[in-house]
Amino acid sequence: MMLDARGYSCPEPVIMLKKAMESPETEYEMMVDNRASLENVTRFAKHNGYEVEAKQKGDDYALRIFRK
Amino acid sequence: MLEGIPTRYDERLIVGYDTSDDASVYVLNEELALVQTVDFFPPIVDDPFLFGQIAAANALSDVYAMGGEAKLAMNVMCINSQMGQEVVRAILQGGYDKAYEAGVLITGGHTIEDKEPKYGLSVTGFVHPRKLLRNSSAKEGDVLLLTKPLGVGILMTAARGDLVDEALLRTLYSEMAQLNKTARDMMVRYDVHGCTDVTGFGLLGHALEMARGSGLTLHLESEHIPYHAEACDMAEMGFVPAGAYRNRAYTQDDVVIREGTRQGLMDILYDPQTSGGLLIAVSEDVAPQLAAELQQVISCAEIIGYVTRREEKALIVE
């Protein structure tokens, strides 16, 4: 599932991911555009048992959130 | 920000823009100085009356943090066309309610149209020039007191994800709406040297200003710092306001935090507070008595640390 949280500030990106995690999906691609969202989304995902890979793309961050 | 802009010098302006203090102070005569401040912000709660109360308590706090007595205020307000008359009135009613409680006269104000509503007060108060409490006048050997628990910013962020229960929210609301006047009225009877209120820069940001301004090191004892335990969990789950990360970036080079401190607690120390408590630097010999007296009249007053000569870092969290 692709989640584009660019343009949103905290806690919206975390809330987007929280809602998405109510679905049966086990892997999410997410875009955020600030460090606070990067850190918060990473914390939320890890707290819920997911792994996170993050890459910087220009001013944005691309996250892959998945179960091991 | 103001570099290159011509400003006038006046020796009566004893606290101005340059010392990052809570309010400006202008000496009128040997016994009286004028304290001036303004603060306003967008709604942080849905209830307009409560928003008005919190915004007013927050604006008045800057005068109390200088050891002053708030006396006159003016409404500063932004409204949009979607807001009903009753909502605008409820916000003002909240502001007037706190002003009344504080013994402050609201003498007028100004309202403009803006997409995002905002409310606050411009406040005028008075202080005896020799009883003025700067954020930069803590003394070696002082003890530090904090008068409201931390974690409000994190919990209000988590509340937007529906993760905070009603009872805790009510506690947070009443803490944010609580005037720092009670604490101020009590502390000025003691040998207090320095004071600031803990707001947007978080405990560590405001403590750093006190440490640097005083040329000393502030030691904070983490087991004595009052905070909402729920905020620790919420921070670790990712509900940290962007301001806390900014505060960390701004502060961390001059701070040592004891190894093994929980991540959530570190976030709480950087958490921006809305209408937070007073951070008071007071003589060690009277600190326990001041703390005990404060605890009789407000729900939180904890001794959280002490002040030493300047060490390698300005702040040490033990």
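**Exercise 1.** In this predicted model, are Phe44(A) and Phe239(B) buried or exposed? Then work out what kind of aromatic pair they make.

*Solution.* Let's start with the surroundings: both Phe44(A) and Phe239(B) are buried. Next, count the pairs: five aromatic pairs turn up over all chains. For Phe44(A) and Phe239(B), the ring centres are 6.2 Å apart and the planes meet at 85 degrees. Planes over 60 degrees apart count as edge-to-face, so this pair is edge-to-face. Finally, place the partners: Phe44(A) belongs to helix H2 (residues 35-47) of chain A, while Phe239(B) sits in the loop between helix H7 (229-236) and helix H8 (242-251) of chain B, so the pair joins two chains.

**Exercise 2.** Find out which residues surround Asp197(B) and how far away the nearest side chain of opposite charge is.

*Solution.* First, locate Asp197(B): strand E8 (residues 192-197) of chain B contains this residue. Now look at its contacts, leaving aside residues up to four places away in sequence; among them are Asp22(B), Asp62(B), Asn180(B) and His206(B). Last, check the charges. The nearest side chain of opposite charge is that of Lys148(B), 8.4 Å away. A salt bridge needs a distance within 4 Å, and Asp197(B), although buried, has none.

**Exercise 3.** Describe the surface patch that includes Leu2(B).

*Solution.* Begin with Leu2(B) itself, in the segment before strand E1 (13-15) of chain B. Its relative accessibility is 39%, so Leu2(B) counts as partly exposed. Then add the partners: Met1(B), Ile5(B) and Tyr17(B) join Leu2(B) in a nonpolar patch on the surface. Together, these residues have about 530 Å² of accessible area.

Methods. Residues are numbered from 1 along each chain as its sequence is written. Chains are lettered from A and ligands numbered from 1 in the order in which they are written. This is a predicted model: local features need pLDDT of at least 70, side-chain atom pairs count only at pLDDT 80 or more; totals for chains, interfaces and linings use all residues. Side-chain values use heavy atoms; hydrogens and water are left out. Helices (H or I, at least four residues) and strands (E, at least two) are DSSP runs, numbered from the N terminus. Buried means under 20% relative accessible area, exposed over 50%, partly exposed in between (1.4 Å probe, protein chains only). Lys and Arg count as positive and Asp and Glu as negative; His and the chain ends are not counted. Contact means heavy atoms within 4.5 Å. Patches are made of residues with over 30% relative accessible area and no salt bridge: like charges are joined within 9 Å, nonpolar side chains (Val, Leu, Ile, Met, Phe, Trp, Tyr) within 5 Å. Accessible areas come from the Shrake-Rupley method with a 1.4 Å probe; for residues, only the protein chains shown count as cover. Rings of Phe, Tyr and Trp (its six-membered ring) pair if their centres lie within 6.5 Å; planes under 30 degrees apart count as stacked, over 60 as edge-to-face and the rest as tilted.
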